[in-house]
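Please open the structure in your viewer and keep the selection tool at hand. The tour proceeds from one selection to the next.

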Amino acid sequence: MPYLLAILSAVCYGAADFTGGIVSRRVATIPVVVISQASGLLLVAVALLILPEDAPRAADLWWGAAAGVAGGVGVALLYRALAIGTMSVVAPTTAVLAVIIPVVTSIALGERPGGLALAGIVMGVAAIALVSRQTGSATDPARPSGIGTALVSGVAIGLFLLILAQTHRASGLWPLLTARGSSVTLFAMVALAGRRSLRMPLRLGAIAFGGGMLDMLANGLYLVASQLGPLSLMVTLCSLYPASTVLLARGVLGERLNAWQTAGVVAALIAVLLIVGGGR
């Protein structure tokens, strides 16, 4: 079950990034982040009213709040990097760093994946880089690579995944409530301090709203998966999200997969099989 949840989380993360990327090309980053984060807050608040009551500890709520700050900063920087930089540089840099930080930390703390699972982790990192690679000369050499922003984004997202996994299963979705509450508060203050308008066309606002819902769903799936299974394996599986983004671009926008991306999708499937087989 945790493996399936982590894979579904990757699908949702990729879809959320796809929608966020579409909107961030047309409007400023801060409004997109505020709206998407607020929609996720609404979703988790409604879910907490419907689901059975949980018993979170104060520490779990604080872990969630800290994760929310890291995750919000990571998402904002990711959107910014995608807006100013080159996708073939930004996407693999962010995703690879996001998986390396929690995996290395969990192994350093004593987690010992089996041989097949370790091979799957390596294959997963390679798959992330491959599916994000573009070919051709479509990029503008005068355009910033966005590498600096992508590096900081990857670190922040990696910290989010690591911090959120510190919560206990009995806390339910409450850590996600404090996580999203802290990120919404942070970026609302940024918007107010910079006197930035949150207005955007209704259609783009709806897409950003839906993307925030998908992102929160991905967070929920990852939270449960990380509490049920080994962190290094769950993080690797959910970090395969660039494959989902690439496939959505193929289906929705009609973009063709190049040879590198096709190899990356295949590598991602192999990584899933190795991790699931080695984790049993």
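In which helix is aspartate 215 found? Aspartate 215 belongs to helix α8, which covers residues 202–228; helices (H or I, at least four residues) and strands (E, at least two) are DSSP runs, numbered from the N terminus.

Before proceeding, note that this is a predicted model, in which local features need pLDDT of at least 70 and side-chain atom pairs count only at pLDDT 80 or more, while totals for chains, interfaces and linings use all residues. Residues are numbered from 1 along each chain as its sequence is written, and side-chain values use heavy atoms, with hydrogens and water left out.

**Aspartate 215.** Select this residue and display its surroundings. Aspartate 215 counts as buried because its relative accessibility is 12%; buried means under 20% relative accessible area, exposed over 50%, and partly exposed in between (1.4 Å probe, protein chains only). Contacts (heavy atoms within 4.5 Å) link aspartate 215 to Tyr13, Ala16, Gln37 and Arg180, leaving aside residues up to four places away in sequence. With arginine 180 there is a side-chain to side-chain polar contact at 2.9 Å. A polar contact is a pair of N or O atoms within 3.5 Å; within protein, one must be able to donate a hydrogen and the other to accept it, and residues adjacent in sequence count only if both atoms are side-chain atoms.

**Phenylalanine 209.** Stay in helix α8, where phenylalanine 209 also lies. With a relative accessible area of 34%, phenylalanine 209 is partly exposed. Beyond residues up to four places away in sequence, phenylalanine 209 touches Ile35, Ser39 and Leu42. Measure to valine 34 as well: the C-alpha atoms lie 9.4 Å apart, although 175 residues separate the two in sequence.

**Helices α6 and α8.** Next, add helix α6, residues 147–164. Its axis and that of α8 come within 9 Å and cross at roughly 50°; axes are lines fitted to C-alpha atoms, for helices over the stretch in contact, and angles run from 0 to 180 degrees between N-to-C directions. The two helices are therefore oblique to each other, since angles under 35 degrees count as roughly parallel, over 145 as roughly antiparallel, 65 to 115 as roughly perpendicular and the rest as oblique. Phe160, Leu161, Leu162 and Leu164 in α6 meet Asn219, Tyr222 and Leu223 in α8.

**Leucine 161.** Finally, centre on leucine 161, whose contacts beyond residues up to four places away in sequence are Tyr13, Ala98, Pro102, Tyr222, Val235, Cys238 and Ser239.
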